[in-house]
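Take a moment to look over the chain below and turn it around on your screen. We will start from a single residue and work outwards to the whole fold.

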Amino acid sequence: MKVFVYGTLKNGGVGHIFCDLQSQTFIGEATVSDMALFLVSGVGFNFPAMTHGAGRVSGEVYEIDAATFGSMCRFEGRMYHPLTVETTLGPAETFLWSLETDDLDSAPLLDADIQYFPLTV
């Protein structure tokens, strides 16, 4: 399966190492359109989150096995959900931010004052 990764799942990021993406096949750099990238802050650390929006997000595409996809699902947890997107290298799975700003009170894992900062890529 092909996956589009961004943020900490890209080469050099903590998610890349945790999910063992370095052992998978790197296809190339790619972008997705009609998405927006945000920096989420207020949970003790900062991390990127991609949502539907006007813009493009840059990342990397990998061919991965089922075990690696399982690791990615555990790493992203319930704050993200998998979604198929069209990249400049063809369709691929990615992880989209699941929590909208008005849904944060119903997210017990996020007992924090979360702030969103738009990122431009």
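**Starting from Thr 51**

Leaving aside residues up to four places away in sequence, Thr 51 touches Met 35, Ala 36, Phe 38, Leu 96 and Trp 97. Keep in mind as you look that this is a predicted model. Thr 51 is part of strand β3. Is Thr 51 buried or exposed? Its relative accessibility is 9%, and since buried means under 20%, Thr 51 counts as buried.

Now follow the strand that holds Thr 51. Strand β3 covers residues 47–63, while strand β2 covers residues 25–41. How many bridges join β2 to β3? There are 14, and the two strands run antiparallel. To find one spot along this pairing, look for Val 32, which stands opposite Val 57 in β3. Strand β3 has another partner too: strand β1, residues 2–5, pairs with β3 over four bridges, again in the antiparallel sense. Here Phe 4 stands opposite Val 61 in β3.

Next, look at the aromatic rings. Rings count as a pair if their centres lie within 6.5 Å, and by this rule there are four aromatic pairs. One of them is formed by Phe 26 and Tyr 62, with 5.3 Å from centre to centre and 65 degrees between the planes. Planes over 60 degrees apart count as edge-to-face, so the pair of Phe 26 and Tyr 62 is edge-to-face. Phe 26 lies in strand β2 and Tyr 62 in strand β3, so this pair ties together parts that are 36 residues apart in sequence. The two partners have their own settings: Phe 26, at 43% relative accessibility, counts as partly exposed, whereas Tyr 62, at 3%, counts as buried.

Further along the chain you will meet strand β4, residues 80–87, and strand β5, residues 90–97. These strands pair in the antiparallel sense over eight bridges, and Leu 83 stands opposite Thr 94 in β5. With two residues between them, β4 and β5 form a hairpin.

Finally, step back to see the chain as a whole. It has two helices and six strands, and reading along the sequence gives the pattern β-α-β-β-α-β-β-β. Of the 121 residues in the chain, 43% are buried. Among contacts between residues at least 6 apart in sequence, 64% join residues at least 24 apart. The accessible surface of the chain comes to about 6,600 Å², and carbon and sulfur atoms account for 54% of that surface.

Conventions
Residues are numbered from 1 along each chain as its sequence is written. This is a predicted model: local features need pLDDT of at least 70, side-chain atom pairs count only at pLDDT 80 or more; totals for chains, interfaces and linings use all residues. Side-chain values use heavy atoms; hydrogens and water are left out. Rings of Phe, Tyr and Trp (its six-membered ring) pair if their centres lie within 6.5 Å; planes under 30 degrees apart count as stacked, over 60 as edge-to-face and the rest as tilted. Buried means under 20% relative accessible area, exposed over 50%, partly exposed in between (1.4 Å probe, protein chains only). Contact means heavy atoms within 4.5 Å. Two strands pair if DSSP finds at least two bridges between them. Accessible areas come from the Shrake-Rupley method with a 1.4 Å probe; for residues, only the protein chains shown count as cover.
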